[in-house]
Amino acid sequence: TRSGAVAAVDLGATSGRVIVGRVGPDRLDTTTVARFANEPVFAGDGLHWNLVGMYGAVLDGLREAFRSTPGIASIGVDSWAVDYGLLRGGRLLGEPFHYRDERTARGVASVHARFPHAELFERNGLQFLPFNSLYQLAAEDAATLAFADTALLVPDLIGYWLTGAARAEQTNASTTGLLRVLQAAWDDGLVSALGIPRGILPPLIAPGETLAPLRDDVAASIGAAAGTPVTAVGSHDTASAVVAVPMHADTAAYISCGTWGLVGVEVDHLVLTRAALEANFTNEGGVDGRVRLLHNVMGLWVLSEAVRQWERREGHRIDLPTLLDAAREAEGVVFDVNDPRFLAPGDMTPRIDAWCAEHDVASPRTRAEYTRSIVESLAQAFADAVADAARLGRVDVRTIHIVGGGALNELLCQRTADRAGMPVLAGPVEATALGNVLVQARAAGFVSGSLEALRDLVARTHEPRRYEPRA
Ligand code: LRH
């Protein structure tokens, strides 16, 4: 093995970035060459992503990557799950919907009228989330759906624009609800029963396989060598994040904490038990055929959305570290962050008040108290989900790894350790980009081995910060 460089495009619900990773047997370091905001827009019929604009920012970022690091061997793309664009003849038929758009309620009603959740769980292994792609497709305008010839998940769409090749990467496809859980193949029966034209679903591709070389015009425009490949990675951001958790999967749980808190364990078999169904756990496809047995906890969204509303009201920015310092000294209550009322964009404090009133809990009064309450409630939901994951996956969990932006939130890490009664190991913050980089680097021959070997490299190069539980 020799060392080399790859470029990772990582698109999150609030921001995207392009990162150059340099990787060798004892080397894993990254440079963020571009960072751009991702701001969904209410336009016309609902809440949309501005994906064409984001693709422009991706190209700018890649141009900077190839300028700063000649010889980049490959590009990989990951993003949030479930959302897709419809195309016909290569043209995008309108900007993709945001999964927080309320149209999904229609889709849930129409799908569940024919397939109750328990039946879907047997087929696709997923937890119920109202925005799983199958519900979104069921809410789609029928004429548009009939007109489309291709549906591409967000990273697959970026990959298509970069290369001209239309594929569905498996880890992300596993979040659509349309994959047959035991076979990693589209569930043709379900697809046709839901009236989704089977032809719009492209062939699957696994992480590590080459999607295709860049289109010549794209390579020229970003200064890449002709023929530079786009490599399929765990294109579901959470799948990439789990690759880079420096854990021993047989004794640890992970929390990939950004907009969402994805809490679970990695196992090598599906868990389709009644208990998993009742705990609303999901079996998402991992890199190398692993199973991500996890649960979606509402995540930092609740805090960032509350802060966004406060900022709007005040007309100026609120400094998060200062707010968290105040929260450290404040009282907090525990509410159910997973209550569906917290899913939609908008004011969070009235919803917290309403939850508290309904449950005979005294509402927080100050911003510091709201913040403390959100942190305490997240920590409790994390601890509960870790316990569920351990029980359902039969994993003897002794430590919890927190990766992603949440690893920077000291209060959240400490309170998660306290409430779970076990150590929290925090970091790396950029786990998703690292997982993206590592899968490409392995395909390019810069590193080799199993996920355990890759995680060992992360542990050697990105030492986590340890939080001991306190009484
Ligand atoms: C996190 C994430 C999560 C999905 C949600 C839609 O970014 O991919 O795993 O459930 O977004």
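Let's start with strand β18, residues 282-285. Both of its faces are covered. Thr-282 and Glu-284 are buried on one side, and Asn-283 and Gly-285 are buried on the other. In general, side chains in a regular strand alternate between the two faces of the sheet. Keep in mind that this is a predicted model.

What does β18 pair with? Its partner is β19, residues 291-297. The two run antiparallel, joined by four bridges. One of the bridge pairs is Asn-283 with Leu-293 in β19. Together the two strands make a hairpin, with five residues between them. In that turn, Asp-288 has a positive phi of about 60 degrees.

Next, the ligand. Asn-296 is one of the residues around it. Others include Trp-80, Ala-81, Val-82 and Tyr-99. The stretch His-236, Asp-237 and Thr-238 is there too. So are Thr-259, Trp-260 and Leu-262. By class, the shell has seven nonpolar, four polar and one charged residues.

Now to Asp-78, in strand β6, residues 75-79. Is Asp-78 buried or exposed? It is buried, because 31 other C-beta atoms lie within 10 Å, and 20 are enough to count as buried. Beyond its neighbours within four places in sequence, Asp-78 is in contact with residues including Asp-10, Pro-155, Thr-432 and Asn-436. Among its other contacts are His-236 and Asp-237, two residues that also belong to the ligand shell. Gly-234 is another contact of Asp-78. The two are 156 residues apart in sequence, yet 6.8 Å apart in space, C-alpha to C-alpha.

On to a sheet. Three strands form an open sheet, in the order β8-β7-β9, with antiparallel pairing. β8 (91-92) and β9 (150-153) are at the edges, each with a single partner strand, so one side of each has no neighbour in the sheet. Strand β7, residues 84-88, pairs with β8 over two bridges. Arg-88 has Arg-91 in β8 as its bridge partner. Helix α6, residues 154-163, packs on this sheet and touches β7 and β9. Its direction makes about 110 degrees with that of β9.

Last, the core. Nonpolar side chains tend to be buried together in soluble globular proteins. Here, the largest nonpolar core has 147 residues. Which of them have the most contacts inside it? They are Ala-7, Val-263, Phe-382 and Leu-438. Helix α15, residues 367-393, gives the largest share of this core, 13 residues. As for Leu-438, it touches Val-23, Val-243, Ala-244, Val-447 and Leu-454, leaving out residues up to four places away in sequence.

Definitions and conventions
Residues numbered from 1 in each chain as written. Predicted model: local features only at pLDDT ≥ 70, side-chain atom pairs only at ≥ 80, totals over all residues. Pairing = 2+ DSSP bridges. Contact = placed C-beta atoms within 7 Å. Axes fitted to C-alpha atoms, helices over the stretch in contact; angles between N-to-C directions. Buried ≥ 20, exposed ≤ 12 C-beta atoms within 10 Å, placed from the backbone. Near = placed C-beta within 6 Å. Nonpolar A, V, L, I, M, F, W, Y, C, P; charged D, E, K, R; others polar. Core = buried A, V, L, I, M, F, W, Y, C linked by C-beta atoms within 7 Å.
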